[in-house]
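Grab a coffee and open the viewer. Here are some short exercises to work through at your own pace, each with a solution.

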Amino acid sequence: MTLIAEALGVAQPTASRHLDILKQAGFITAQKHLKWSYCKRNEPEIKNFLNWLSTEIS
């Protein structure tokens, strides 16, 4: 989370909160290994959401 926070220029708690929201929505998965957490995009879930959004705004 620290590397993401640094890349975005935000505080670590802010990055953690946003990543938690993305995880709750199913847009990312996170795996912990020792002191590190590795985040990965959930492409099928993101695609489903974008398809739904496209339908809703049409």
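The exercises below go from the whole chain down to single residues, and the model they use is a predicted one.

**Exercise 1. Work out which helices and strands the chain has, and in what order they come.**

Solution. Start by counting: you should get 3 helices and 2 strands. Now walk along from the N terminus, and the pattern reads α-α-β-β-α. Two of the pieces to mark for later are helix α2, at residues 12-25, and the pair β1 (28-33) and β2 (36-41) with a loop between them.

**Exercise 2. Compare the chain with a compact globule of 58 residues.**

Solution. First, the yardstick: such a globule would have a radius of gyration near 10 Å. Next, the chain itself, which comes out at 14 Å. Then look at the box around the C-alpha atoms, roughly 40 × 25 × 15 Å along the principal axes. Finally, check the contacts: of those with a separation of 6 or more, 8% are between residues 24 or more positions apart.

**Exercise 3. Describe what the chain shows on its surface and how much of it is buried.**

Solution. Begin with the inside: 12% of the 58 residues are buried. Moving outward, the chain exposes about 4900 Å², and 59% of that comes from carbon and sulfur atoms. Last, the charges: there are 7 positive and 5 negative side chains, with the centres of the two sets 8 Å apart.

**Exercise 4. Find the residues of the aromatic cluster.**

Solution. Look for Phe27, Phe49 and Trp52, which together form one cluster. Then count pairs across the structure, and you'll get 2 aromatic ones.

**Exercise 5. Is Ser16 buried, partly exposed or exposed?**

Solution. Locate Ser16 first: it sits in helix α2. Its relative accessibility is 23%. Buried would need under 20%, and exposed over 50%. Ser16 therefore counts as partly exposed. While you're there, draw a line from its C-alpha to that of Gly26: the two residues are 10 apart in sequence and 15 Å apart in space.

**Exercise 6. Say what stands out about the phi of Leu34, and whether Leu34 is buried or exposed.**

Solution. Step one is the backbone: phi is positive, about 55 degrees, although Leu34 is not a glycine. Step two is the setting, and Leu34 lies in the loop between β1 and β2. Step three is the surface: Leu34 counts as exposed because its relative accessibility is 77%, and the cut-off is over 50%.

Conventions. Residues are numbered from 1 along each chain as its sequence is written. This is a predicted model: local features need pLDDT of at least 70, side-chain atom pairs count only at pLDDT 80 or more; totals for chains, interfaces and linings use all residues. Side-chain values use heavy atoms; hydrogens and water are left out. Helices (H or I, at least four residues) and strands (E, at least two) are DSSP runs, numbered from the N terminus. The radius of gyration is taken over C-alpha atoms; the globule rule is 2.2 Å times the number of residues to the power 0.38. Buried means under 20% relative accessible area, exposed over 50%, partly exposed in between (1.4 Å probe, protein chains only). Contact means heavy atoms within 4.5 Å. Accessible areas come from the Shrake-Rupley method with a 1.4 Å probe; for residues, only the protein chains shown count as cover. Lys and Arg count as positive and Asp and Glu as negative; His and the chain ends are not counted. The place of a charge is taken as NZ of Lys, CZ of Arg, CG of Asp or CD of Glu. Rings of Phe, Tyr and Trp (its six-membered ring) pair if their centres lie within 6.5 Å; planes under 30 degrees apart count as stacked, over 60 as edge-to-face and the rest as tilted.
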